[in-house]
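Trainee: I should like to go through the terms applied to this predicted model. Please show me the structure, and then let us test some of the labels against their cut-offs.

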Amino acid sequence: MPKQYWLVKQEPTKYPWSQLVKDKKTYWDGVRNYQARNNLQAMKKGDLVLYYHSVVGTEVVGVCEVVRESYQDPTTDDERWVVVDLAAKKALKRPVTLAEIKEDDALADMALVKQSRLSVMPVTKAEFDRILKLGSKAA
DNA sequence: GCCAACGTTGGC
DNA sequence: GCCAACGTTGGC
């Protein structure tokens with residue numbers, strides 16, 4: 001099974017990338033949307049996940065790795081919802097903003113742009129590589 | 001802070 | 001099973 005790529009959104013006022021770096025890893029709770037839930041369940045250990053700051057910043061700031069596959073969300077008794085464990089892997093040298101993504105021919109069709117309300121979404125390898133490339137330029 | 005987009009709920 | 005009303009998310 002080839003490695004898959006994902007993007008998760010979080011508001012930095014709630015749980016910023018810097019907090020994930022400090023914590024080393026976290027469980028990704030609070031998903032209450034079926035499409036996002038299905039994506040969480042499809043994540044495999046070792047998959048790489050872009051970390052996007054929504055609302056404040058609106059930019060991709062880092063990469064994390066799935067370290068535990070989906071399990072029952074510990075913050076609710078409702079069996080419908082799951083979490084995965086994510087570990088911070090590396091920060092981008094500089095953030096890749098939503099504005100840049102929209103302007104980039106290779107990225108403008110991302111679910112991030114098309115479906116702004118989805119909080120967990122798959123990303124193609126081409127899109128993933130492209131964002132890493134943009135994010136590796138000097139600040 | 002406003003508003004558009006979209007998911008969910010509930011009445012019929 | 002359809003659709004209107006409502007709530008939430010997220011960009012600006």
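Trainee: Why is the contact between the side chains of R80 and D78 called a salt bridge?

Mentor: The N to O distance between R80 and D78 is 2.7 Å. The cut-off is 4 Å between a side-chain nitrogen of Lys or Arg and a carboxyl oxygen of Asp or Glu, so the pair qualifies.

Trainee: What makes R80 and D78 partly exposed?

Mentor: R80 has a relative accessible area of 39%, and D78 has 25%. Partly exposed covers the range between 20% and 50%, so both residues receive that label.

Trainee: How do you know that D85 and K25 form a salt bridge, and which strands does the pair link?

Mentor: Their side chains meet at 3.7 Å, N to O, and the limit is 4 Å, so this is a salt bridge. D85 belongs to strand β5 (residues 82-97) and K25 to strand β2 (residues 25-27), 60 residues apart.

Trainee: Why is D85 called buried?

Mentor: Its relative accessibility is 6%; buried means under 20%, so D85 meets the criterion. K25, at 46%, is partly exposed.

Trainee: What makes the approach of Y52 to DNA strand C a polar contact?

Mentor: An N or O atom in the Y52 side chain is 3.0 Å from a phosphate oxygen of DNA strand C. The cut-off is 3.5 Å, so the pair counts. For R117, a side-chain N or O atom lies 2.8 Å from a base oxygen of DNA strand C.

Conventions: Residues are numbered from 1 along each chain as its sequence is written. Chains are lettered from A and ligands numbered from 1 in the order in which they are written. This is a predicted model: local features need pLDDT of at least 70, side-chain atom pairs count only at pLDDT 80 or more; totals for chains, interfaces and linings use all residues. Side-chain values use heavy atoms; hydrogens and water are left out. A polar contact is a pair of N or O atoms within 3.5 Å; within protein, one must be able to donate a hydrogen and the other to accept it, and residues adjacent in sequence count only if both atoms are side-chain atoms. Helices (H or I, at least four residues) and strands (E, at least two) are DSSP runs, numbered from the N terminus. Buried means under 20% relative accessible area, exposed over 50%, partly exposed in between (1.4 Å probe, protein chains only).
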